[in-house]
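These notebook entries record what I looked up in one structure. I kept them terse and grouped them by topic.

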Amino acid sequence: MGTGFGEALLEQGPDALLLLTSDGTIAFVNSAAEQLFGYPREELLGVQHTVLLSEGERGGFLRVFGRLGRNSRAGSRPFPAVGRRRDGSEAAVEITCSLVTLDAGTAMAVAVRDAAHRTDSDSGRRLALSLLDATLETTSDGIVMVSTEGHITGINDQFLKLWCMPPELIASEDPTALARFIAEQLADPDYFLQKVSALYADTELQSHDVLEFADGRTVELYSRPQKVADTVVGRIWNFRDTTSRRRAQDQARRAMEELAEQADKLKELAFQDPLTGLANRMLFNQRAAAALLTPEPVHVLLLDLDDFKEVNDVLGHHAGDQMLVEVSRRLRNCVGPHGTVARLGGDEFVVLLVGCRDADGVAQRVVSTLNAPVSIEGTLMRPGLSLGVASRDAGTQTSSELLRRADLAMYAAKEAGKNCYVHFQPEMLAALLERTQLTAGLRRAVELGQIAVHYQPVISSDRLDVVQFEALARWEWKGTVIPPNDFIQTAERSGLIREIGAEVLRRSCTELAPWLSEDPFRSVAVNVSGVQLQHQDFAERVLDIAAWSGVDPRQLVLEVTESVFFDAHSHVIGQLETLREAGIRVALDDFGTGYSSLGRLQDLPVDVVKIDKSFVSMLRTGVEKLPILTSMIHMARSLGLKVTAEGIETPAQARYLMDHGCDALQGFLFSPPEPAEARQQAVLNSVAAIAELEGVPLQG
Ligand code: C2E
Ligand code: MG
Ligand code: MG
C-alpha cells in the first residue's frame, strides 16, 4: 500500500482527525473534522483547539496531553466530551488521543467520533460528568483522584500549579512518585509520606492535615475515599492553599497582641508616676479601697520631704528630680514587695501596708533609711522627712479618711521636730477643728480691728536711752490678750498674715509718728513674715504706709528671720534691696537659731542682727566665757552690722552684752511689750533699769 492510501484514509476516513502541537494549536484536520465541526479547514489551521470544545471542556487538553506518556495507555482510552460547532451548537463526541513524534517535537493525534447516537440514553451521565469537570477546573483547590488500582483517574490544573508538577510526572501514572514529588516540597516530608501510606493502607480512612511548605506556604489536605455505591473505588486528595488565609490570621493575631500590649502599657502609665515609676494617687486609692474590703490590718504611712523646695531652688529642678528618684528607690527597698509605695505629687509620698504586723518597724526603717546622706550633683545632702502613720480601725472606712488622718499625724511629726514618725491620735482631729475655728475667728478679728500692737523699748548702749520700739502684734479677744505665738502660724497658713502685717505697720507708724519725729535717731521695728515677702508688691505697700503716716523710711526697721532667704531665686532679696535703697533697715531676727551660718551673713541684705534670747539666757552670772556669743557679736560687727541683744532679763546679762560690744539691748529687764497707752511708762521703767545698771560692776 502506498502513501496514497494512507493519505486517502486520513483525509476521507469516517472519523474526524486532528493533529495538535504541544501548545494546543491545530496543525492538521481532515474533511470528516471539517464536516463534524462545520469549519472550512483554513479557519481551523493554526488556531487553538479549544474553539472546538464547549465552554466546560476547555481545560481538558493539558490533562489529556499530560496523560499521554510514552508507556501509558490511559489517554488513548476513548473518553466522552462535548464539542462545539462553528454555528455554536454542541455535539456529543468521543475522543481518542495518541502522542506522535515529529521532527518539530511531540504532537498529539486526536480522533473525534460523533457520539450523538448515544446521547439520549447518556445525557444524564454526560451532564453529571461535565458538571464534575467544570467543578474540577473552577475550584481553587488542587485535586487528584487515584483509583484503587493506582491509576490517576482525575486531576485538575490547580493541582499541577500548586505543586509546579510537570505533565510528564502525571503521565507516568505513578502515585508514589507523585507523593514523593509533593513530599520534597514540604517542611516535614516524612510526616506526609507516612500519612499517605497510612491512608492507602486503610481505604475507608478520611483525614484532614495541615502541611507546611519548606518555602513558608501552608496547604490543607483533605483526603477521603471515592465510592461508587458502597464500594471504594479510589481516593480523592484535595489540597487547599491556605497561606494567605493563615497570613491574614497571623497578622490579625499579631495586631491583637500589639493592641493588648499597648492597652497594658497605657494602663500602666495611667497608674504610674512618670518620674519615679512608683504608683500614683489613683492606683494608691484603688489598692487602699481593695485592702479595706479585707479583714487584714491596713496602715498608711504618709511622708513629705523637709526643705525639698530648697533643693529645687538652690540646686535646680534636675537635682530635685534626682533626689525624688533616690528617695523612691530607698522607699521601695524599705517596704518590699508587699506594700505599695506611691508618689502623691511634689515631695509627698505614701506607703500602703496590707497585712503587715510591724508597721512601726517599717516606719522606723523609712525614717532612718531616707535620712542617710546622698550625693546629688556633687553636693552631699540628707533628705529630711516627717512621717505620719494612720492605721485602720473601726472608725475608718475609706482610703481618703486614712490619708487625712496620716496627714494630721505627719504635721504632728513636723512639729515634733522632723525626721521622726508620729501615729495618728484622735486628739489631732480636735486640734484641727480648733485650728479651723481659729482661722475663722482670726479673720473676724482682722475685720473688726481686734489686732492690737504692743511696744517693747530697745535701749542704745551708747546713749543709754530708749531709741526704738519693737511693734508686737496682739489679738484682743473677749477681754483677753492672745500672744502672737498662738496665732501667727495660723495666720501664715491662711494668708491672713498679710492683712495683720499691714495693720501692725500702719498702727505702729501712726502711733509712733510723733515720738519718731522728735529725734531722727529713733526708730520703730516691725516683724515681717516670709509669707508677706512672697507678694510682689510688698516693698511698695510698706513704702506707701510709711509715706501715708509721714514716717521717714530711715526710721523704719523690718525684722525678718533667716528662713526668708531660703528661696534664693525668688524676689525676696530684690524687694529687701529696694526697701534698703529707700532708707529702710533690715534686721535679722532670732539670729543663731536658723539654718544659716555666720559665714553666710555677709551675703545677706541686712543692717542689724538680733541675737536670739536663747543665747542671752545662757548668761547666768556674767562671768562665764561664752565663745559662741562673743564671736557672733564680733563677726557681725566686723561686717559693719549693728547688734541688738534680745531677751535680757538680768542686769548681769545687760552688762556683759554692753561690754562685749552690743549696740542695743531689749528685754524684760527694761520693759515688757506694752500697749500704746503705757508706752510712756515703759520708757520710764527702762530708764530706771539703765540707771541701776550703772551700779553694776564691770566684768572682764
Ligand atoms: P520676736 O520678734 O523675737 O519678739 C521678741 C519676743 O520676745 C516677744 O514675744 C517679746 O515679748 C519676747 N521678749 C522680749 N523680751 C523678753 C525677755 O526678756 N524674756 C523673754 N522670755 N521674752 C522676751 P511676743 O511678743 O510673744 O512675740 C513672739 C514672736 O511673734 C516675735 O518674736 C515675732 O517673731 C512674732 N511676732 C510678733 N508680732 C508679729 C507681727 O506683727 N508680725 C509677725 N510676722 N510676727 C510677729
Ligand atoms: Mg522681732
Ligand atoms: Mg526675736
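**Entry 1: the metal sites**

I began with the magnesium ion (ligand 2), whose donor residues are spaced E-x56-N-x31-E-x29-D in sequence. I note that the model is a predicted one. Which protein atoms serve as donors of the magnesium ion (ligand 2)? I listed Glu 470 (OE), Asn 527 (OD1), Glu 559 (OE) and Asp 589 (OD), and they lie 2.0 to 2.3 Å from the ion.

I then located two of these donors. Glu 559 belongs to strand β22 (residues 556-560) and Asp 589 to strand β23, so this pair ties together parts that are 30 residues apart in sequence. I checked the accessibility of both. Glu 559 counts as buried because its relative accessibility is 2%, below the 20% cut-off. Asp 589 is likewise buried, with a relative accessible area of 7%.

Next I looked up which residue coordinates both the magnesium ion (ligand 2) and the magnesium ion (ligand 3). It is Asp 589, and the two ions are 4.2 Å apart.

For the magnesium ion (ligand 3), I recorded coordination by Asp 589 (OD), Asp 590 (OD) and Glu 646, the last entered twice through OE, at 2.0 to 2.6 Å. Along the chain, the donors of this ion (ligand 3) follow the spacing D-D-x55-E. I placed Asp 590 in strand β23 (residues 585-591) and Glu 646 in the loop between β25 (642-645) and α24 (651-659), so the pair ties together parts that are 56 residues apart in sequence.

Is Glu 646 buried or exposed? I found Glu 646 buried, at a relative accessible area of 8%. Asp 590 is partly exposed, and its relative accessible area is 25%.

**Entry 2: positive phi values**

I kept Asp 590 in view for its backbone. Asp 590 lies in strand β23, and its phi is positive, about 50 degrees, although the residue is not a glycine. I noted this because most residues other than glycine have a negative phi.

I also entered Cys 164, where phi is near 50 degrees, again a positive value in a residue other than glycine. Cys 164 sits in the loop between α6 (157-163) and α7 (167-171). I read Cys 164 as exposed, with a relative accessible area of 58%.

**Entry 3: two open sheets**

I traced an open sheet of five strands in the order β2-β1-β5-β4-β3, with antiparallel pairing. Its edge strands are β2 (26-29) and β3 (79-84), each of which pairs on one side only. Direction ignored, neighbouring strands in this sheet are turned by 35 degrees against each other on average.

How many bridges join strand β4 to strand β5? I found ten between β4 (residues 90-102) and β5 (residues 105-114), and the two strands run antiparallel. Within this pairing, I located Cys 97 opposite Val 110 in β5.

I then traced another open sheet of five strands, ordered β7-β6-β10-β9-β8 and paired antiparallel. β7 (152-155) and β8 (207-212) stand at its edges with a single partner strand each, so one side of each has no neighbour in the sheet. Here the average turn between neighbouring strands is 20 degrees, direction ignored. Three bridges join β6 (residues 142-147) to β7 in antiparallel fashion, and I found Met 145 opposite Gly 154 in β7.

**Entry 4: helix packing**

I looked up helix α15 (residues 399-415) against helix α16 (residues 426-448): they pack at an angle of about 80 degrees, with axes 10 Å apart. α15 and α16 are therefore roughly perpendicular to each other. From α15 the contact uses Leu 408, Ala 409 and Ala 412; from α16 it uses Met 428, Leu 429, Leu 432 and Arg 435. By class I entered six nonpolar, no polar and one charged residues for this contact of α15 with α16.

For helix α12 (residues 308-315) and helix α13 (residues 317-335), I noted an angle of about 140 degrees and axes 6 Å apart. That angle makes α12 oblique to α13. Phe 308, Val 311, Asn 312 and Leu 315 of α12 meet His 317, Ala 319, Gly 320, Met 323 and Leu 324 of α13. The contact of α12 with α13 comprises six nonpolar, three polar and no charged residues.

Note on methods. Residues are numbered from 1 along each chain as its sequence is written. Chains are lettered from A and ligands numbered from 1 in the order in which they are written. This is a predicted model: local features need pLDDT of at least 70, side-chain atom pairs count only at pLDDT 80 or more; totals for chains, interfaces and linings use all residues. Side-chain values use heavy atoms; hydrogens and water are left out. Two strands pair if DSSP finds at least two bridges between them. Helices (H or I, at least four residues) and strands (E, at least two) are DSSP runs, numbered from the N terminus. Axes are lines fitted to C-alpha atoms, for helices over the stretch in contact, and angles run from 0 to 180 degrees between N-to-C directions. Donors are N, O and S atoms within 2.8 Å of the metal (3.2 Å for Na, K and Ca); water is not among the atoms, so sites may look incomplete. Buried means under 20% relative accessible area, exposed over 50%, partly exposed in between (1.4 Å probe, protein chains only). Angles under 35 degrees count as roughly parallel, over 145 as roughly antiparallel, 65 to 115 as roughly perpendicular and the rest as oblique. Contact means heavy atoms within 4.5 Å. Ala, Val, Leu, Ile, Met, Phe, Trp, Tyr, Cys and Pro count as nonpolar, Asp, Glu, Lys and Arg as charged, and the others, Gly among them, as polar.
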